[in-house]
Structure formats: structure tokens, C-alpha cells
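Here is a quick tour for anyone opening this structure for the first time. Have a look at it below, then read on.

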Amino acid sequence: MSGELRVTGLTKSYGDKTVLDGVELSVGAGQILGFVGPNGAGKTTTMRAIMGVLTPDAGTCTWQGRPVDRAARRRFGYMPEERGLYQKMAVGPQIDYFGRLYGLGPAAARRATEEWLERLEIGRYRDAAVQTLSLGNQQRVQFAVSLVHDPELLVLDEPFSGLDPIGAQALVVVLREKAAAGVPIVFSSHQLDLVDRLIDRITMLRAGHVVLDSSVADARRTGDPRLRVRVAGARDDWAGALPGRLVETDADGTAVLALDGADPTAVLTAAMALGTVEHFAWDEPTLTELFREAMA
């Protein structure tokens, strides 16, 4: 059964240093939440609080409307930033072992282990000790451990760390499949291009405070609307003749315009009078641009 994870008023201090100050987030069935922020913002501390690795000073974490307890956490899949694997234990037996810890019977654990060894292309390392693997392949093993028991919720701290593009794409495919099946997913990453491809919602932290929490669509609509316009056959200074304010011109000649109150229809009409309009669309900010603005 899928449900909603909700974090409310999470606070944590160490001595006189406040790490979390009233952090709130939520992720519902089938949603992928990108949890982002600079180093030291409090992302890992929040995830550890959700998973019970540490106890917050104040605040609540609920799953399906009830406080998250030990029984609920056994149904979660958790991938810590620091790998929680037994380095001298072989890959296959290790995944099987964690499956049983999560409550799978011997036969179910074996089946799930074989499935994830194949899906994540680490079957050839079945009998190899984890410490002999590259960092990227260790990350795949850690991911398999978080998935082996078919969790109802995924909490992943920097899951793309150490992965090459092929490994990262394999993880992206699995996350999309899990979300399509109704599993809520919370993951942090500094690789904002990957985050941008995946998420439905975004929560940004800065110094323990939430500075942005919204759907991706709503986040992209913040600020002054901008248009991307490309006109063929126009004079060199054509962009300056359009309503609005010219922000920049791309290498292919596409102009980025801030409307500054101008009517988009008037921009299109003016562009058509200057030449052949090859491109005319809203310019949505990238996640990197939103991040820079929120952290400024």
C-alpha cells in the first residue's frame, strides 16, 4: 500500500549549532521529490530523522497519517550517503541477507536478490566481496539492498554518487518504474541535471531552512515570464526591436526576452513582421537557475 510521507516542524541542534529549523516536506503516492541544497544544508540529517537513525529535538514524521515507527521503517527502502554495506561480505549473500532482515522469507529473498543482480547488471559480482568492487558498482549494490524487499517508500541520499552515465540511467529507469507503481520517492543529489529529469516536486534547504517547496511546474512559473524567440531572415539587431527586454542571445541566434509586462501576442506579431519565426516558446528556468536564485 502506498501513501504519503509528511515531515512537519523538524528541528535538530548540536550544541549551539542549529542544523534543522522547522523543516517541512511531503511526498505522496507516485511522486518523486527532489531534496536539494548546498553541503551542510541539513538534507542528510532530515533523512536520518525520517529513518530513525537520529532523534530530532522537535517535529514529526508521519506515514499514511501515523507517526513513523519501527514497523513502518521496515517497509521503507533507505540508501544512506555513506555506504552501509559489509565490505568483506559477498554481493549476492549480502543482498539476500538484507532482504531477510526486512522480513522476506528465504525463497523470496533469493528471488529478489537474483532479480536485482540482473536488473542492475551486477550478477557477475555475485560471489565477490563488496570491497573489491569499484565505487560505482558498490553504489549499485547499495541500491539493490534498498529495493530487495519491494519497499513502500524510498529515501535515497545521493543515489547517483559514483555512478557513470550508464549506471545513472539504469537507476533513473528503476525510479520511474517505482513511481509509476505508486511508490513515493525522496532523493537528494547535487547532480541537478539528473534531478531535473526526474522530479515532480522540489524542496530546497539552505542552512536548515526550507527556501522552496512546491511542484516543479509551479517553481518554474516563479519570477518574470520569459520567451525564447528565433527569427530567420531578419536584420542583425532584430531582437532589440521586440517588445520586452532582451536578456541574452544564444549561439544559434535564439533571443531570450523578459516580458516586463509586455503582451506575448505583441511579441509574436512583431517577430513575424521581422522575418520567419522559427521558434517561439516560454523559457522555463532550469533547476540549476532556480537553485542559484534560491541560494542567493
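## A hairpin to start with

Strand 4 and strand 5 make a hairpin, with two residues sitting between them. In that turn, Q64 has a positive phi of about 55°. Keep in mind that what you're looking at is a predicted model.

The hairpin strands run antiparallel, and two bridges join strand 4 to strand 5 (residues 66–67). Strand 4 (residues 58–63) also pairs with strand 1 (residues 5–14), again antiparallel, through five bridges. T62 is a handy residue to find here: it is the bridge partner of R6, and it stands opposite P67 in strand 5.

## A salt bridge from strand 1

Staying with strand 1, take a look at K12. It forms a salt bridge with D57, and the closest N and O atoms are 3.9 Å apart. K12 lies in strand 1 while D57 lies in the loop between helix 1 (43–51) and strand 4, so the pair ties together parts that are 45 residues apart in sequence.

Are the two partners buried or exposed, or something in between? K12 counts as buried, because its relative accessibility is 12% and the cut-off for buried is under 20%. D57 has a relative accessible area of 48%, so it is partly exposed.

## Helix 3: one residue in, one residue out

Helix 3 (residues 91–101) holds L101, and Q94 is found there too. Q94 counts as buried, with 0% relative accessibility. What does Q94 touch, leaving aside its neighbours within four places in sequence? The answer is L85, Y86, M89 and V130.

L101 has 45% relative accessibility and so counts as partly exposed. Together with Y86 and Y97, L101 forms a nonpolar patch on the surface. The accessible area of the three together is about 300 Å². Y86 turns up twice in this part of the story: it is in contact with Q94, and it belongs to the patch.

## Helix 5: mostly wrapped up

Helix 5 (135–147) has 13 residues, and at 1.5 Å a residue they should span 18 Å. The end C-alpha atoms are 19 Å apart, which agrees.

How much of helix 5 is buried? 12 of its 13 residues are, so the helix is largely enclosed by the rest of the structure. Among the buried ones are G136, R140, F143 and L147. The cover over these buried residues includes strand 6 (76–79), helix 3, helix 4, strand 7 and helix 6.

## Helix 6 and its surroundings

Next up is helix 6 (residues 165–180), with 16 residues. From its first C-alpha to its last it reaches 22 Å, close to the 22 Å expected at 1.5 Å a residue. Just after this helix, G182 takes a positive phi of about 100°.

The buried residues of helix 6 are G167, A168, L171, V172, V174, L175, K178 and A179. Quite a list of elements helps to cover them, including strand 3 (32–36), helix 4 (106–119), helix 5, strand 7 (153–157), strand 8 (185–188) and helix 7 (192–198).

Helix 6 also holds one end of a salt bridge: E177 pairs with R119, with the closest N and O atoms 3.1 Å apart. This pair links distant parts of the chain, with E177 in helix 6 and R119 in helix 4, 58 residues apart. E177 is partly exposed, with a relative accessible area of 41%. R119 is partly exposed as well, at 31%.

## More salt bridges further along

How many salt bridges does a search of the whole structure find? It finds 17. One pair is E278 and R230, whose side chains meet at 3.2 Å, N to O. They link distant parts of the chain: E278 sits in strand 14 (residues 276–282) and R230 in strand 11 (residues 226–232), 48 residues apart.

E278 counts as partly exposed, at 49% relative accessibility. R230 is partly exposed too, with a relative accessible area of 22%. To round off the tour, look for R226, R228, D250 and D283, which are linked in a network of salt bridges.

Methods:
Residues numbered from 1 in each chain as written. Predicted model: local features only at pLDDT ≥ 70, side-chain atom pairs only at ≥ 80, totals over all residues. Heavy atoms only, no water. Patch = residues over 30% accessible without salt bridge, like charges linked within 9 Å, V, L, I, M, F, W, Y side chains within 5 Å. Areas by Shrake-Rupley, 256 points an atom, 1.4 Å probe, with all protein chains shown as cover. Salt bridge = Lys/Arg side-chain N within 4 Å of Asp/Glu carboxyl O. Helix = DSSP H or I, 4+ residues; strand = E, 2+ residues; numbered from the N terminus. Buried < 20%, exposed > 50% of the residue type's maximum accessible area, 1.4 Å probe, protein only. Pairing = 2+ DSSP bridges. Contact = heavy atoms within 4.5 Å. Expected span 1.5 Å × (residues − 1).
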